[in-house]
Every structure is written in structure tokens, then in C-alpha cells.
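Got your viewer open? Load the model, keep the selection tool handy, and let's walk through it stop by stop.

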Amino acid sequence: MSETTIGGIAGRMPKFIRRADPAVLTAFACIVLLLFVGSLYSRSFLSPEYLLQQLKVASFLGVIATGMMLVILLGQIDLSVPWSVAAGAMMACAAAAYGPLGVALAIPFGILCGVAIGIVNGIGVAYLRIPSMIITLATNAVAQGLMVVYTGGFSPQDSATRAMRFLATGIAIPGVPNAVVIWALIGAAMVFVLTRTGFGRTVYGIGNRERAAYLSGIDTRRVVLIAFAVSGGLSAFGGVLLAGYASKAAQSMGDAYLLPSIAAVVLGGTSILGGRGSYLGTVAGVILITLLQSILSVMQMPEAGRQIIYGVVIVAMLLLYGRAPASR
């Protein structure tokens, strides 16, 4: 086929397809493929009820992946997600044990615990110049130790509040779970920040070349600090929602969200080296990971196998997208 013919075909394509990120298109194509594969294993896989349930499950990962995307756009990584999630859930449930005031403040208190972890990460990366992989891994270990000390090594006995359960499992808009609405609101806010604010442009600028952003007069350290604080807060909020979904917190509830949150962001075309990516791609990555988890569950794939698949996906996407020059 000649270049003229190819160019003519491309010219007749809808404008949004021609301008779309190939990684995002690939992610959505994989979603369609997974839906087809899933329908071969179970006829109910394509039913509206099942798909809505999968979207509800995806919303928990979506909230966590939103914060992870912000950090990755900076060219950093947040490995404190597991215990930011667990700490947010456990502290929100713990606050509920202190009477009506504790119940009222349970959700914000859980989120603030995650923000505190994120601030420690941000200070270490932005001001102390510690590699993000090291400082976030260290804060994750510290948070784990603090939670083990708090619970005495046993499973937390505190239960989620009614508000936490309503946010995670309730339905305020007919036919749409509250968790999906929350994810949509957080996603819309993130899209606005990244595309319509100076902070968002700064995030992309730092991810492309931090030195150049600093020399242009941008307070890069403050931006990095805020990004890690947001990541910690959203991870903790994801933990709060998970606690509401399960009616209580668990010490290991965040372990299953580290690799999927990174994989979802990278699958959506966000460069793990920073500076390039769209939130639509992250949404596609989250849905793709959730459907993949569902199919692996139907196939009775053990957890070890799932982790291997996530790791292979991250490496493959890094080789595919991470080596490309950032062009934001």
C-alpha cells in the first residue's frame, strides 16, 4: 500500500482518532479484547450488572492510581501506597470508636494520615534529594511498623462508619454506585488541574526536565511536595473506601494495590520517566487492569501468577513507552 493511500485513509479518520494517543487507543482496544475473552468463559461477563460491578471495583483502584499518576508525571514513584492505603483505612475506623465526634471526623482523619505520609515523602524527595524509590519504601516500612504497634499485631477490631459504607457501597444517583461517582469527580478534578492550571503545566515541565523548570523560576520543590501529599491523601482515601466496602480495615488491604496502580498508569501511556501522559489513559489502564483481574480470577490464577503478570506488563510498557522522548 502506497504512502499516498495510507495518508488518504488517515485523513478520512475522525479527528479525535487522528489526535489520540496511540497508547490510549491500544489500552481501549485491549479492553474490548478482554471483554470478548471474558465472554467466552462466562455469558454473564457482558451483562450490565456485571460490568457495573466491575466499574465499581475499578473505582477503588482508580482513586489510588490518580495520585500515582501525578507522581509518575514528575518522573518519580510512590512505593508507600500499600501502607498509605492501610493506614488511612485503619485510622479512619479507629477514629470512629471515639464517639460522635470521632465518627464525624473519621474520613478526613484517615485522609490526613495519608497526606502526612505523602508530606514526609515529598520532603525527602524535594528538599533532602533522596531518591523517591528509597524514601517512599522507607516511609512504607515505618507506616507498617506504626500500624503493627497500634494493633499489637492483630487484626483491627474497629468497624467502618455508616458514612464510609455509604460512600463505598451506597447509591445516591439511581443506577450509579457512589464509588463510581467519587472516582468520576476526582478524575474530573485531576483533568482540570493537569490541563487548565499552572500547577498542571508545571508538573509536566518538571517531568520533562526538572533543571529547566527550576531555572525558569518555578518552585519545583513545592510542586513535588504537593504531588506526593496528594498521592498519599488519595491512597488513604482509597483505603477509606475499601474499609467501607469491607465494613472494616485490614493490615494487608493495601498490598494488592501497589503494582496494579503503577501498571494502570503505565498501561495508559504515561511515561514512567515523567513528562507525558493523559488521565484518559489512566482510566483505560484502570479498567483494563480490573478486567484482567476478573478474568484471572475466573481462570483461578493464583496471586503469585497475577503479580508476575503485572510485573511483566510494567516492564513491557516501560520498554515500549519509557524510551520514547517526552514531548509535552
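Start with a cartoon view of the whole chain: you'll find 15 helices and zero strands. Here helices are DSSP runs of H or I with at least four residues, strands are E runs of at least two, and both are numbered from the N terminus. Before you click further, note that this is a predicted model, where local features need pLDDT of at least 70 and side-chain atom pairs count only at pLDDT 80 or more, while totals for chains, interfaces and linings use all residues. Residues are numbered from 1 along each chain as its sequence is written, and side-chain values use heavy atoms, with hydrogens and water left out.

Now switch on the surface. Its accessible area is about 15600 Å², and carbon and sulfur atoms account for 69% of that (Shrake-Rupley method, 1.4 Å probe; for residues, only the protein chains shown count as cover). Of the 328 residues, 48% are buried, meaning under 20% relative accessible area, with exposed being over 50% and partly exposed in between (1.4 Å probe, protein chains only).

Hide the surface and go inside. Which residues touch the most other members of the largest nonpolar core? Select M68, M164 and F237: they do, in a core of 82 residues. A nonpolar core is a set of buried Ala, Val, Leu, Ile, Met, Phe, Trp, Tyr and Cys residues joined through side-chain atoms within 4.5 Å. Color helix α4 (residues 48-73) next, as it supplies the largest share of this core, twelve residues.

Zoom in on M68. Leaving out neighbours within four places in sequence, its contacts (heavy atoms within 4.5 Å) include I77, D78, V81, S231, L258, S261, I262 and V265. Across the protein, 77% of contacts between residues at least 6 apart in sequence join residues at least 24 apart.

Next, hunt for charge pairs. How many salt bridges turn up in the whole structure? There are two, counting a side-chain nitrogen of Lys or Arg within 4 Å of a carboxyl oxygen of Asp or Glu.

- Select R129 and E210, whose side chains meet at 3.5 Å, N to O. R129 sits in the loop between α6 (99-127) and α7 (132-151) and E210 in helix α11 (residues 210-215), so the pair ties together parts 81 residues apart in sequence. R129 is exposed at 53% relative accessible area; E210 is partly exposed at 23%.
- Select D219 and R222, with closest N and O atoms 3.9 Å apart. D219 is partly exposed at 36%, and R222 is partly exposed at 44%.

Last stop: T151, in helix α7. T151 is buried, at 15% relative accessible area. Not counting residues up to four places away in sequence, T151 touches M90, P156 and Q251.
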